[in-house]
Amino acid sequence: MSRVAGYRTKNRDMMLAYMKENRDRTVYVNDIHQYMKEQGVNVNITTIYRFLDKLLEERRILKYTADKGECAGFQYVGEGNCCEEHLHVKCTACGKVIHLDCQFMDEIRHHLQEHHRFILQCSGSSLFGLCEECQKKLQKD
């Protein structure tokens, strides 16, 4: 049984399945809303936000804060995954998110602490650029 809000509903199961299917990219509330409409389900935007808040509490999704005038994005990270220990890179063209949970990030963290007396807090932090696929698309144009 889903831990989300203590009970399961068909709509919540559908939204969670959508998040899981799109775990490699940033998803927006409007994306979920549109998906639900396409499935013939009328769900209120507020309901979607409440569901996402519950998933955030359970640390099953990440929330990417938005720039002024933009909506926040979300990404499914799974049960018990901790994305607070590493940075992420996000493609500005397609929304794909890559987790930088490699040794190189440990070197950066150590360097910042040792040489700059700065402790890196990675929670919700992303670097922005273009993924390999979007770079290839740009080169073709």
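This briefing describes the fold of one protein chain, beginning with its overall make-up and moving on to its helices, its sheet and one buried residue. The model is predicted, and its secondary structure comes to five helices and five strands. Read along the sequence, these elements follow the pattern α-α-α-β-β-β-β-α-β-α. The chain has 141 residues, of which buried residues make up 35%, and among contacts between residues at least 6 apart in sequence, 51% join residues at least 24 apart.

**Helices H1 and H3**

- Two packed helices are described by the angle between their axes and the distance between the axes.
- For helix H1, which covers residues 10-21, and helix H3, which covers residues 45-57, the axes come within 11 Å and cross at roughly 65°, and the crossing of H1 and H3 is right-handed.
- On the H1 side the contact is made by Arg-12, Met-15, Leu-16 and Met-19, which meet Ile-48, Phe-51, Leu-52 and Leu-55 on the H3 side.
- Sorted by character, the residues of this contact between H1 and H3 divide into seven nonpolar, no polar and one charged.

**Helix H4 and the residue after it**

- Helix H4 runs over residues 103-116, and because a helix is expected to rise 1.5 Å a residue, its 14 residues should span 20 Å, which agrees with the 19 Å between its end C-alpha atoms.
- Just after H4 comes Arg-117, whose phi is positive, at about 50°.

**The sheet of S4, S3 and S5**

- Strands of a sheet pair through backbone hydrogen bonds, either parallel or antiparallel.
- Here three strands form an open sheet in the order S4-S3-S5, and the pairing is mixed.
- The edge strands of this sheet are S4 and S5, each of which pairs on one side only, while neighbouring strands are turned against each other by 25° on average, direction ignored.
- Strand S3, covering residues 87-91, is mostly covered, with four of its five residues buried.
- Towards strand S4, which covers residues 97-100, S3 is joined by four bridges, and the two strands run antiparallel; in this pairing, the bridge partner of His-88 is His-99 in S4.
- S3 and S4 form a hairpin with five residues between them, and in the turn Gly-95 has a positive phi of about 85°.
- Towards strand S5, which covers residues 126-129, S3 is again joined by four bridges, but here the strands run parallel.
- In the pairing of S3 with S5, His-88 stands opposite Ser-126, and the bridge partner of Val-89 is Leu-127.

**Gln-75 and its surroundings**

- Gln-75 is found in strand S2, which covers residues 73-76.
- This residue, Gln-75, counts as buried because its relative accessibility is 1%, and the cut-off for buried is under 20%.
- Not counting residues up to four places away in sequence, Gln-75 touches Met-19, Arg-23, Asp-24, Arg-25, Arg-60, Ile-61, Leu-62, Tyr-64, Val-97 and His-99.
- Among the residues that Gln-75 touches are Met-19, which also takes part in the contact of H1 with H3, and His-99, which is the S4 bridge partner of His-88.
- Gln-75 and Lys-20 are 55 residues apart in sequence, yet their C-alpha atoms are 8.5 Å apart in space.

How values were computed:
Residues numbered from 1 in each chain as written. Predicted model: local features only at pLDDT ≥ 70, side-chain atom pairs only at ≥ 80, totals over all residues. Heavy atoms only, no water. Axes fitted to C-alpha atoms, helices over the stretch in contact; angles between N-to-C directions. Left-handed = near helix turned anticlockwise from the far one by under 90°. Contact = heavy atoms within 4.5 Å. Nonpolar A, V, L, I, M, F, W, Y, C, P; charged D, E, K, R; others polar. Expected span 1.5 Å × (residues − 1). Buried < 20%, exposed > 50% of the residue type's maximum accessible area, 1.4 Å probe, protein only. Pairing = 2+ DSSP bridges.
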